[in-house]
Amino acid sequence: MTHTTNSRRAGLRRGGIELRHLLGNAKEVTGHLTNVAVALLVAAYLGDDVPGTQTPMTHLVLAGFAAYLLFQVGLINLPQILVTEREEGTLLRLRATPGGITAYLIAKCLLVVVLAVGTLALLLTAGALLVDGPLPHGPGDWLTLLWVTALGLLAVVPLGAAIGAVLPNPREALALIMLPTMGLLLTSGAVFPITALPAPVQQVASFFPLKWMAQGLRSALLPDSAQTAEPAGSWELPMVVLVLTTWAVLGFLLAVPLLRRAARRESGSRLTARQRKAAQSGAPVA
């Protein structure tokens, strides 16, 4: 019990340090602000309503981008962080630290959750002020926004950790992740009504969390009349819960053993070999 408590405390301390480091890194902060700015620019140029409704397309797109930004933090940013730190020898050092993996995971979860929630809050606030974007209309909608955000992060953060444990290196990580995530962005109803896509594409998208994260956030941010633009004619919130919970369980079952396996396989010789290979390819070495 004491060991677990110490690991949690160490993880929270480490997470706080990493948050301060992130906020002090102008390049990192600018990257996340750029994502929000792109979403606002796209939404600002959309003037029509969602077909069959009186809901502005701007509102649908901002709700979709809100889901995608949460998805991106878990499935793109987190794996890149993990792979980079593995290359720098962080996992090797964790092997000599009691409770190191547990504290490391707690710190990363804290970092990602704060980053994701902060980005979401910034997008919704800036959207409401600058492009008349949507906000929840009552306590029930705010509650839906909170649980969809929390469950969505539970669905993608462990999965991102599992992916980061098996990706080869930082130079290949972005290329391997970006193509499928951009494909999901275009096929999950995040940037235009999913009903505009062919039925087989809709069926494939329904297996992945982004489609349900976007649908859940639309239910919190858009009026009930917008349900007519959904494939089932309703928000399907029980299905949102089921799919996101399934992905959360799958991610947790994969993340911890894969990270432990990656830590066990680390050695000084492996780290040196990777750094030598990176230097020969012209990449910077930590």
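With a relative accessibility of just 3%, Arg218 counts as buried in this predicted model, since anything under 20% falls into that class. Arg218 is one half of a salt bridge, and the other half is Glu230. The closest N and O atoms of these two side chains sit 2.8 Å apart. Arg218 belongs to helix 9, which covers residues 209-221, while Glu230 is found in the loop between helix 9 and helix 10 (237-265). The two partners are twelve residues apart, and the pair links distant parts of the chain. Glu230 is tucked away too: a relative accessibility of 5% makes it buried.

How many salt bridges turn up when the whole structure is searched? The count is two. Besides the Arg218 pair, there is one between Lys108 and Glu18, where the closest N and O atoms are 2.7 Å apart. Lys108 is in helix 5 (residues 100-130) and Glu18 is in helix 1 (residues 2-23), so this bridge ties together parts of the chain that are 90 residues apart in sequence. Here again both ends are out of the way: Lys108 is buried at 3% relative accessibility, and Glu18 is buried with a relative accessible area of 13%.

Next comes a look at helix 3, which runs over residues 57-87 and holds Leu70. Is Leu70 buried or exposed? Its relative accessible area is 2%, so it goes down as buried. Leaving aside residues up to four places away in sequence, Leu70 touches Ala116, Leu120, Thr149, Leu153, Val156, Met213 and Leu217. Of these, Ala116 and Leu120 fall within the residue range of helix 5, and Met213 and Leu217 fall within that of helix 9. Leu70 can also be compared with Thr119: the two are 49 residues apart in sequence, yet their C-alpha atoms are 8.0 Å apart in space.

Helix 6 (residues 139-166) has a buried residue of its own to show, namely Thr144. The relative accessibility of Thr144 is 12%, which is why it counts as buried. Setting aside residues up to four places away in sequence, Thr144 touches Gly216, Ser219 and Ala220. Those three contacts lie within the stretch that makes up helix 9.

Finally, the surface. Val38, Val42 and Leu46 together make a nonpolar surface patch of about 200 Å². Val42 is part of helix 2, which spans residues 26-44. At 36% relative accessibility, Val42 counts as partly exposed, because that label covers values between the buried limit of 20% and the exposed limit of 50%.

Key:
Residues are numbered from 1 along each chain as its sequence is written. This is a predicted model: local features need pLDDT of at least 70, side-chain atom pairs count only at pLDDT 80 or more; totals for chains, interfaces and linings use all residues. Side-chain values use heavy atoms; hydrogens and water are left out. A salt bridge is a side-chain nitrogen of Lys or Arg within 4 Å of a carboxyl oxygen of Asp or Glu. Helices (H or I, at least four residues) and strands (E, at least two) are DSSP runs, numbered from the N terminus. Buried means under 20% relative accessible area, exposed over 50%, partly exposed in between (1.4 Å probe, protein chains only). Patches are made of residues with over 30% relative accessible area and no salt bridge: like charges are joined within 9 Å, nonpolar side chains (Val, Leu, Ile, Met, Phe, Trp, Tyr) within 5 Å. Accessible areas come from the Shrake-Rupley method with a 1.4 Å probe; for residues, only the protein chains shown count as cover. Contact means heavy atoms within 4.5 Å.
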